[in-house]
Structure formats: C-alpha cells, structure tokens
Amino acid sequence: MFTSVEHVVEALAGEGYIADERLATTIFLQTRLDKPVLIEGPAGVGKTELAKVLAAATGRKLLRLQCYEGQDETKALYEWDYGKQLLYTQILREKIGQLVEDAVDIADAVERIGAQESVFFSDRFLAPRPLLEAVRSQEPVVLLVDEIDRADEALEAVLLELLGEYQVSVPEIGTFTATHAPYVILTSNNTRDLAAALKRRCLHLFLDYPAAERELQIVRSKNTGLTEALAAQLVDVVRGLRELELRKAPSISETIDWARTLAVLGVEELSAKTLSETVSVVIKYDKDIRKALAALPWLVDPNARVPEHSHGPGHTHGHSHDGHPHDAHDHDPDGRAVRAAKDRPGRFTDGYYGTPKKAAQTPASTLGRRRAL
C-alpha cells in the first residue's frame, strides 16, 4: 500500500507514468478508502494507461473489461458453460436413465431430474467474466472497466453491486464477496452522461490534456530520441493543433509517436514542411489534416507569411495571407459536436455492419393515391 501521495507519484513514475499531485491524491485515497475511481476526460490523456501502471506499481494482476454498445451482463459478469453442461448430460445419459427407470409417470421422472439440476448449475459449469473474476480472485487485482460510456445504461446497473459492496450475486449459487477488495478504475470519454448512482459510488477525477511542462516531461520520459529543444517545440505545436476545431485532437500518445517519428527521420530543426509531411501521425481525418496543414506554418513560426497565390474555381484553402488559420472551413461542423453525434448509443442505422434492414414503409400519401387510382 502507498504510504503517501508522494509515494504514489514516485511509484507511478517508476513505471513511466508522470502523475500530477491531484491524480496521485485520488489514487492514494482509492487505496486507503477502498473506493472505485471514475476517470473522465477526452480520449488519449492516459486514463487506460493509469490502470495498467497502477497494476504494475502495486504488483497486482490487471483484469480488463472493454465496454461496447450492446454489451450485456453475460460478457461482463458470468455465463453458464452450456456446451460443457450438454457434454456432461450426454456422458451421464445412462446414469440419468437409471435415475428415472422406475418412475411411475412423466411427472415423477421430471421431478427426479429436477432434483439434480443444482449439479448442472454449480461452480463447475460457471464461466466467470472480468467482474466476477475480480471478485473471486484469490490474489489482489486491478479491475479496469474501460470506456463505460460506450456501453448501454443497463450495464451500469449491473456494476452497482460490485462498485458498492465488491460482491456479485449468482442466483443459482449465491453471493460471491471479494477476499481482497480490487482497485477498480472506470474510464469514460464523456460521450454520454453516466448514471448518478454509479458516480455516487466512485471517487471522481477529470483527466484533461496536461500542461505544456508536464506533457514535455512525459515525452522526455519515453526516451523518444528527440532533443530537448525540439521536443519542447513539438509539444507547443501539438498544443496549438488541439486549439483548432478538429474532429479528433492529438492525444499524448500520438505526441510521443510524432516525437519518435521525427527522431527516426533524423530531424534537427522543426519546419512547417517536415511537420506537414509527418502530420498524419497525429491527425487522422482528412478535414482535420487540411486545417492542420494551414495552421502549421504559423504554429512553427508565429511571424510566418504565406505568399499570395491564385485559386482555381471552387478551391478553398485553410489559411489566410497573414499566416494565421483562415475561416475557410468554418462551414464545417465543430469537430467536438461531430464526435458527440457519432458516439451516442443507438447511432447505428438498419443495415449497419450487415444487420437486417427493416422493410420500408409506404407513406400514407402514396397509399391514398393508389386507392384513388
């Protein structure tokens, strides 16, 4: 167990994770109060990585439940191994025959078989999933419930018993209670609001993009091969890109990837040309790339000037002639609004990923015209 907040900072740093005092305080309180931690914030700020390094720093096994839309409790809690049950039934067919051979009628036979059903709904045929596995583990574990906002609200209700009492109830067997309270970390990218009941059971931490100094410290700790001066300049560029209206802002891990990319290329000086040729390392959408390319000259050199040039019919550009980002893409929707619209539950239409399409309904006005004809 950690002895102080400073001990948390040191332990996480030993695993390559640079934590500020607020984050370290939350983790320290988690270990002392035996409370789950809900970490919310944009994608790519180190929420999932925190659970991994916490497991490494404490010597605990990491169990991970990756959430997704349409997930049910059988994938999170437990399910019965029906294949194994069927196999045992076939193997014991002769024994079952002996059990009912002198039954006076069908009702008597069913009653005798029913008296044995507890054998087939026992621990032998129980297939634990991450939540139950965390409770039943004989060794302390870290349980990561990743991107809980991706799952349906029903899964939140399933989690409440575990988060509040560190136990899981199996109706056919009974209640399993954790021998060692797991360190539970839930992450959310804020694509939807979570239930108040879930938040009430957790310590809460909002993890945003770090300050420039801390992000530079993170990049430096990863031994990217980029010089200190270039790394500092690159962090400033990335922070400038995050201020654009992008559909997906660059994450910390992508900053590290960009630094490694430039180091591999042997870059000795950051220029708009070099960054433009490698910007796809951190920018992943076409419209975002156009905005980034327009902004890079100004981000590298605030005094940069873009020479005037003619444009063909219908051509749009993402810069102004004073070197600052232009409003040419202002007609594009806000990137954050696009993410919010695309990440809501139930966003998939009929036919998405091969799901059956519903029969098209004929408009009432069309039916009226047909009747008239």
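This passage describes helix packing and the surroundings of aromatic rings in a predicted model.

Two packed helices are described by the angle between their axes and the distance between the axes. Three helix pairs are treated here in these terms.

Helix H1 spans residues 5–14 and helix H2 spans residues 21–33; their axes approach within 8 Å and cross at roughly 105°. Angles of 65 to 115 degrees count as roughly perpendicular, and H1 and H2 are therefore roughly perpendicular to each other. On the H1 side, the contact is formed by Val5, Val8, Val9 and Leu12, whereas H2 contributes Glu21, Leu23, Ala24, Thr25, Ile27 and Phe28. Sorted by class, the residues joining H1 to H2 comprise eight nonpolar, one polar and one charged.

A second packing arrangement involves helix H12 (residues 212–221) and helix H14 (residues 252–264), whose axes come within 10 Å and cross at roughly 55°. H12 and H14 are therefore oblique to each other, and their crossing is right-handed. From H12, the residues Glu215, Ile218 and Val219 take part in the contact, and they are met by Ile252, Thr255, Ile256 and Ala259 of H14. The contact of H12 with H14 consists of five nonpolar residues, one polar residue and one charged residue.

The third pair is formed by helix H13 (residues 228–242) and helix H16 (residues 286–300). The axes of H13 and H16 come within 10 Å, with a crossing angle of roughly 135°. This angle makes H13 oblique to H16, and H13 passes H16 in a right-handed crossing. Gln233, Val237, Gly240 and Leu241 of H13 are in contact with Ala292, Leu296, Leu299 and Val300 of H16. Six nonpolar and two polar residues make up the contact of H13 with H16, and no charged residue takes part.

The aromatic rings were examined next. A pair of aromatic rings is described by the distance of the centres and the angle of the planes. The structure contains zero aromatic pairs. Arginine residues are nevertheless placed over aromatic faces at two sites, described in turn below. Arg60 is positioned over the face of Tyr183, at 3.6 Å from the ring centre. Arg136 lies over the face of Phe176, where the distance from the ring centre is 5.0 Å.

Key. Residues numbered from 1 in each chain as written. Predicted model: local features only at pLDDT ≥ 70, side-chain atom pairs only at ≥ 80, totals over all residues. Heavy atoms only, no water. Phe/Tyr/Trp six-rings, centres within 6.5 Å; stacked < 30°, edge-to-face > 60°. Lys NZ or Arg CZ within 6 Å of the ring centre and 35° of its normal. Axes fitted to C-alpha atoms, helices over the stretch in contact; angles between N-to-C directions. Helix = DSSP H or I, 4+ residues; strand = E, 2+ residues; numbered from the N terminus. Parallel < 35°, antiparallel > 145°, perpendicular 65-115°, else oblique. Left-handed = near helix turned anticlockwise from the far one by under 90°. Contact = heavy atoms within 4.5 Å. Nonpolar A, V, L, I, M, F, W, Y, C, P; charged D, E, K, R; others polar.
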